[in-house]
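Work through the exercises below with the sequence and the model side by side. Try each task before reading its solution.

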Amino acid sequence: MALASGARMLAAAALGAAVFTIAPASPMGAVLRPAEQAQAGVFVRPGTVNLRRERRQGPSNTAQCQQSLQISCYNPAQVQQAYSLPALYAKGVNGKGATIVIVDPYGSPTIGRDLSTFDSEESLPAAPSLRIIKPAGKVPSFNPNNSDIVGWATETTLDVEWAHVIAPGARILLVETPGAKSNGGVSMAQIVTAEKYVIGHHLGDVISQSFVATEQAVGSATIESLRGAYTEAYSDHVTVVTGSGDSGAAGYESNQSTYYTYPVTMWPASDPLVTAVGGTRLNLDGNGNRGSADTVWNDTYNKATNQLVNGNAGPGPLASGGGKSVVFGRPTYQNGVAGIVGDHRGVPDISMSAACSGAVNVYQSFGGQQAGWYALCGTSEAAPLFAGIVALADQMAGHPLGLINPAMYKMAAEHLPGLVRVTSGNNTVTFRQSGRSHTVHGYSAEPHYNLATGLGTINAAYFVPELARLA
């Protein structure tokens, strides 16, 4: 059984998804009573990654990407402006004193110098520290001939560089896990072990994860057996954020090659103790100003993007994950949106930039590919972006915030200006499988909570102080 990494490297890995019976609602969302034996092991793998390097020596600007790749791509200053971050930076709110924990199997052998190059080229200050630990055991030597390991290095680079973009004053702790020797497989149990170490030793304030699987593909008993890190994070006031998936309302079966043909939801995004981050599509000019309001990320029917990601005109599932959990009941903090989620945990909670037709620039130089600048996307982008936002709020509050979901739903109930509604788009996807075309009908954006973008997106100038106060 496998989970998939979320990085879309134009092209990149699809995320997995899940279904069972609902338990009654509880303050933090009840887990289904195990109806089956826990599986012996859940293994994480990034999907097949088809690399697309930008043609220029330095990062391409939006116009250059539109000309060479037929998509938009964005640099740090544009994304910072889009989320109104300069107003916070001017007040000294940059994540100082907070630590963002990035959890990635295998990691990247060049992440230190790649971050330095990224910072230099993009005029960013150096991070106060980038520390790497391996608490779950020895990590194998980097194998440039293993596409899975190269894929995890890509994931690591995206996570580290773009968490740093949002919170340039925060420390970064990269937690690498060993995997299964050199074959690219990674045990989810190892990730849990590593995260428990970080939490138990009080090494970080917010944990960013970029891997998910369908709930059905994992099973409720196995999910319950692997939740230990999230319950410990909740007890120790550590925030955990996870991307909601890159396959829209669909998701991979356990073989990681065929999709479920009905709506499914991803774990650990569906865990009520985790903040699930969905994806939006930004439409920015060269200065980071919006040409139109954000929409649900859905590139399923975008021919140019499918060509970059999948090597064909599509359609193919490329959209923000979202839906109703079949493993977890509705947590108390979602009682105000019970009319939408019913008795289920609804996903996502919030959304950030993730579209492949509006990707971000990343620099990487590890083996197995040419060194240079790449356009990346997916909810693996959205998760570290939002982890950076949490680090800013941690600084403002003067302490870690822990589970922030109750505060965000309270912000929505009070109609505070930090939350920005996303009102157009959907996460319906279409694909061909076994010689047939399948459409998995998802959910549409609405001027209230919805199962495509959650509570919407953010205006950080308002959202960060609101979150710091309420959480």
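The exercises go from the whole chain to single residues.

This is a predicted model, in which local features need pLDDT of at least 70, side-chain atom pairs count only at pLDDT 80 or more, and totals for chains, interfaces and linings use all residues. Residues are numbered from 1 along each chain as its sequence is written, and side-chain values use heavy atoms, with hydrogens and water left out.

**Exercise 1. The whole chain**

Task: State how many helices and strands the protein chain has, and what share of its residues is buried.

Solution:
- Step 1. Take helices (H or I, at least four residues) and strands (E, at least two) as DSSP runs, numbered from the N terminus. The chain has 14 helices and 22 strands.
- Step 2. Apply the burial classes: buried is under 20% relative accessible area, exposed is over 50%, and partly exposed is in between (1.4 Å probe, protein chains only). Of the 471 residues, 62% are buried.
- Step 3. Turn to the surface. The chain exposes about 15,500 Å². Carbon and sulfur atoms supply 48% of that area.

**Exercise 2. The nonpolar cores**

Task: Find the largest nonpolar core and the helix that gives the most to it.

Solution:
- Step 1. Set the rule. A nonpolar core is a set of buried Ala, Val, Leu, Ile, Met, Phe, Trp, Tyr and Cys residues joined through side-chain atoms within 4.5 Å.
- Step 2. The largest core has 116 residues. Those with the most contacts inside it include Trp 162, Met 352, Phe 386 and Phe 463.
- Step 3. Helix H12 (residues 379–397) gives the most to this core, with 9 residues.
- Step 4. Look around Phe 386, with contact meaning heavy atoms within 4.5 Å. Beyond its neighbours within four places in sequence, Phe 386 contacts Val 241, Thr 275, Val 277, Ile 350, Met 352, Ile 404, Met 408 and Phe 463.
- Step 5. A second, separate core has 8 residues, among them Ala 250, Tyr 252, Phe 431 and Val 440.
- Step 6. Put this in context. In soluble globular proteins, nonpolar side chains tend to be buried together.

**Exercise 3. Helix H10**

Task: Which residues of helix H10 are buried, and what caps its N-terminal end?

Solution:
- Step 1. H10 spans residues 303–310, and Thr 305, Asn 306, Leu 308 and Val 309 are buried there.
- Step 2. These residues lie on the same side of H10, because they cover an arc of only 165° around the axis. The arc is that of the directions from the helix axis to the C-beta atoms.
- Step 3. Asn 302 is the N-terminal cap: one of its side-chain oxygens lies 3.1 Å from the backbone nitrogen of Ala 304.
- Step 4. Gly 311 follows H10, with a positive phi near 80°.

**Exercise 4. Phe 118**

Task: Is Phe 118 buried or exposed, and which residues does it contact?

Solution:
- Step 1. Locate Phe 118 in helix H4 (residues 111–121).
- Step 2. Phe 118 is buried, at 0% relative accessible area.
- Step 3. Its contacts beyond four places in sequence include Pro 76, Leu 124, Trp 162, Val 165, Tyr 363 and Trp 373.
- Step 4. Phe 118 and Trp 373 are 255 residues apart in sequence, with 9.1 Å between their C-alpha atoms.

**Exercise 5. Salt bridges**

Task: How many salt bridges does the whole structure hold, and which parts does the pair Glu 176 and Lys 134 tie together?

Solution:
- Step 1. Require a side-chain nitrogen of Lys or Arg within 4 Å of a carboxyl oxygen of Asp or Glu. The search finds 6 salt bridges.
- Step 2. Glu 176 and Lys 134 form one, at 3.8 Å from N to O. Glu 176 is in strand S6 (residues 171–177) and Lys 134 in the loop between strand S5 (130–133) and helix H5 (147–166), so the pair ties together parts 42 residues apart in sequence.
- Step 3. Compare the partners. Glu 176 is buried at 4% relative accessibility, whereas Lys 134 is partly exposed at 45%.
- Step 4. Asp 343 and Arg 330 form another, with the closest N and O atoms 3.5 Å apart. Asp 343 is exposed at 52%, whereas Arg 330 is buried at 14%.
- Step 5. Lys 410 and Glu 414 also pair, at 2.9 Å between the closest N and O atoms.

Methods. Areas by Shrake-Rupley, 256 points an atom, 1.4 Å probe, with all protein chains shown as cover. Polar contact = N/O pair within 3.5 Å; in protein donor to acceptor, adjacent residues only side chain to side chain.
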